[in-house]
Every structure is written in C-alpha cells, then in structure tokens.
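Grab a coffee and have a go at these exercises on the fold shown below. Each comes with a worked solution.

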Amino acid sequence: MGLNMREGYQGTGPGAITPDGCAVELYARLPVGSEPDIVAAAVPAGAHILELGCGVGRVTHPLLRRGFTVTAVDESPQMLQRVRGARTICSPIEQLDLGETFDVVMLASFLVHAGDAEVRRGLLRTCARHVAQDGCVLIQREGADYHTDLPRERVDPSGFTVRILSAEPVGDGVDSVRAEYVFPDATWTQTFLSRPLTGEQFEEALEEAGLQTDRCLTDDGTWVRAVRRQGS
Ligand SMILES: C[S@@+](CC[C@H](N)C(=O)[O-])C[C@H]1O[C@@H](n2cnc3c(N)ncnc32)[C@H](O)[C@@H]1O
C-alpha cells in the first residue's frame with residue numbers, strides 16, 4: 001500500500017500502489033488500446049500534448065512514436081520513473097500551474113469522474129489553464145452503463161481478465177467502484193470513487209472551468225474534444 005492514499009481509494013497486488021489505488025506493475029503490463037488513434041485523429045500532427053495522469057506511459061509512448069511531443073504529469077514518482085522520452089512532472093493535477101500553454105491537454109482514464117467534486121473542478125481548471133487559445137482538451141468519460149452493467153468482465157487476448165465487480169453508492173451521488181485484473185501469475189484490485197455525470201452535468205462542469213464541448217470523438221461518446229468557452 002502506498003503512502004498518502006486518497007480517501008476512498010485503495011489498491012492491492014504486487015508492487016507500488018498510487019494514491020488513487022492504481023498498481024504500477026499492473027499498468028506496466030497493460031497493453032495500449034485505441035487511445036493513440038483517437039488522439040491522433042483529433043489533433044494536429046506534431047502537437048505538444050500535456051498528458052494529465054500519464055501513469056507509466058502506456059499511452060505516452062505510442063504518442064511519442066507518432067511524432068507528438070508529450071509533457072507527462074502524474075502524482076506518482078514510481079509511475080513516472082517508467083516514462084521514457086517525455087518531459088515528466090510529478091504533481092497532483094489539480095495543483096499544476098506550469099505557466100505555459102499546450103496545443104492539447106489530455107485528461108483520460110475517467111479522471112473527470114473524481115468522487116470529490118472539488119478535485120474534479122481542480123482537474124478541469126488545470127486543463128483550462130494550460131490549453132492554448134486555439135488548442136483543445138481531450139477528455140475520456142465513462143460510458144452510459146458504466147455503473148449499471150455489473151458485474152462485467154473482458155478477457156484480453158494478451159492473457160488477462162479485467163472485471164468491474166461492483167459500484168456501491170456511498171452518498172452525494174458517488175459510487176465506490178471495485179475492479180480486478182487477473183493475470184496467470186498475479187491479481188490486482190482497485191477500489192475508487194466515481195461520480196457519474198449526465199451529459200448536462202458534464203457540460204456544466206466544463207462550463208464552470210471555462211470550457212465547452214466542441215465534439216465527440218467516438219460513437220459511444222466517451223471521448224470528448226473541448227475548447228475554451230468563447231470569451232473565456
Ligand atoms: C488509471 S491510471 C491510468 C494511467 C494512464 N493514463 C493509462 O491510461 O495508462 C491513473 C493515473 O493517474 C494518476 N492520477 C490520478 N489522479 C491524479 C491526480 N489528481 N493528480 C495526479 N495524478 C493522478 C495516478 O497516479 C495514475 O498513474
């Protein structure tokens with residue numbers, strides 16, 4: 001168990017665990033999915049991307065290989081140690097203030113669903129503070145049935161199973177979500193707080209931060225391209 005865990009977040013399994021319950025060794029094993037394709041299709045070639053919550057660089061490294069420049073931020077030094085070829089910054093996202101702007105700011109991994117609404121406000125303000133006037137913010141949201149289609153599992157062709165076991169209400173519209181990743185030689189679990197956001201609530205949260213949805217990047221609506229609100 002790592003030090004300074006965020007309240008309501010925990011993880012089990014071999015190796016270091018981040019304050020939000022993620023396992024470093026697990027993320028070092030997970031294959032990348034469609035994220036780099038989605039990003040590459042939405043932003044200009046060669047853009048400078050500020051990636052918030054980069055982990056071990058699962059998405060960072062393919063983005064670098066595609067010719068993007070990436071500044072990678074995470075609050076876990078153990079995660080950042082695994083990142084190669086990108087400038088790395090160890091910080092809670094909500095406190096980040098680099099005094100510079102980027103063509104693209106990326107807030108993936110459902111971080112926008114932070115259980116603590118004040119943390120979510122901080123995350124989105126960080127996105128707004130760091131996006132260039134004509135840049136964009138790419139946000140990954142939960143799918144519509146994320147909290148209701150339970151339990152569910154996916155067997156990955158590379159040889160592990162991921163299960164979302166439960167989402168138990170803990171008050172104030174927040175669920176405690178329990179996930180497990182089972183490999184032949186190791187199992188990791190993560191428990192985290194997640195606040196479902198309707199489309200309207202999501203848009204309100206963006207608006208509070210001075211952002212607005214420009215368009216959805218995927219048919220399921222889970223990836224959104226946002227821009228500065230006009231006049232912000
Ligand atoms: C679920 S992992 C995903 C990592 C990476 N985006 C990926 O897809 O492989 C979430 C990462 O975000 C980091 N993280 C979560 N909340 C954070 C916060 N508020 N500030 C900084 N890092 C955070 C965690 O330390 C962890 O490395």
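Two residues count as in contact if their C-beta atoms, placed from the backbone, lie within 7 Å. Keep in mind that this is a predicted model.

**Exercise 1.** Find what share of the contacts with a separation of 6 or more comes from residues 24 or more positions apart.

*Solution.* Start with the contacts in the protein chain that have a separation of 6 or more. Then pick out those between residues 24 or more positions apart: they account for 52%.

**Exercise 2.** Work out why the protein chain can be called as compact as a globular protein of its length.

*Solution.* First, list the parts: the chain has six helices and twelve strands. Next, take the radius of gyration, 17 Å; the globule rule also gives 17 Å for 232 residues, so the chain is as compact as a globular protein of that length. For the outer dimensions, the C-alpha atoms fill a box of roughly 50 × 40 × 35 Å along the principal axes. Finally, look at burial: 37% of the 232 residues are buried.

**Exercise 3.** Lay out the open sheet that five strands form, and name its edge strands.

*Solution.* Write down the order, β1-β10-β9-β8-β7, with antiparallel pairing. Now check the ends: β1 (10-12) and β7 (152-156) each pair on one side only, which makes them the edge strands. Ignoring direction, neighbouring strands here are turned by 15° against each other on average.

**Exercise 4.** Zoom in on how β7 is joined to β8.

*Solution.* Count the bridges: five of them link β7 to β8 (residues 160-171), and the two strands run antiparallel. Then find Asp156, which stands opposite Phe160 in β8.

Key
Residues numbered from 1 in each chain as written. Predicted model: local features only at pLDDT ≥ 70, side-chain atom pairs only at ≥ 80, totals over all residues. Helix = DSSP H or I, 4+ residues; strand = E, 2+ residues; numbered from the N terminus. Rg over C-alpha atoms; globule rule 2.2 N^0.38 Å. Buried ≥ 20, exposed ≤ 12 C-beta atoms within 10 Å, placed from the backbone. Pairing = 2+ DSSP bridges. Axes fitted to C-alpha atoms, helices over the stretch in contact; angles between N-to-C directions.
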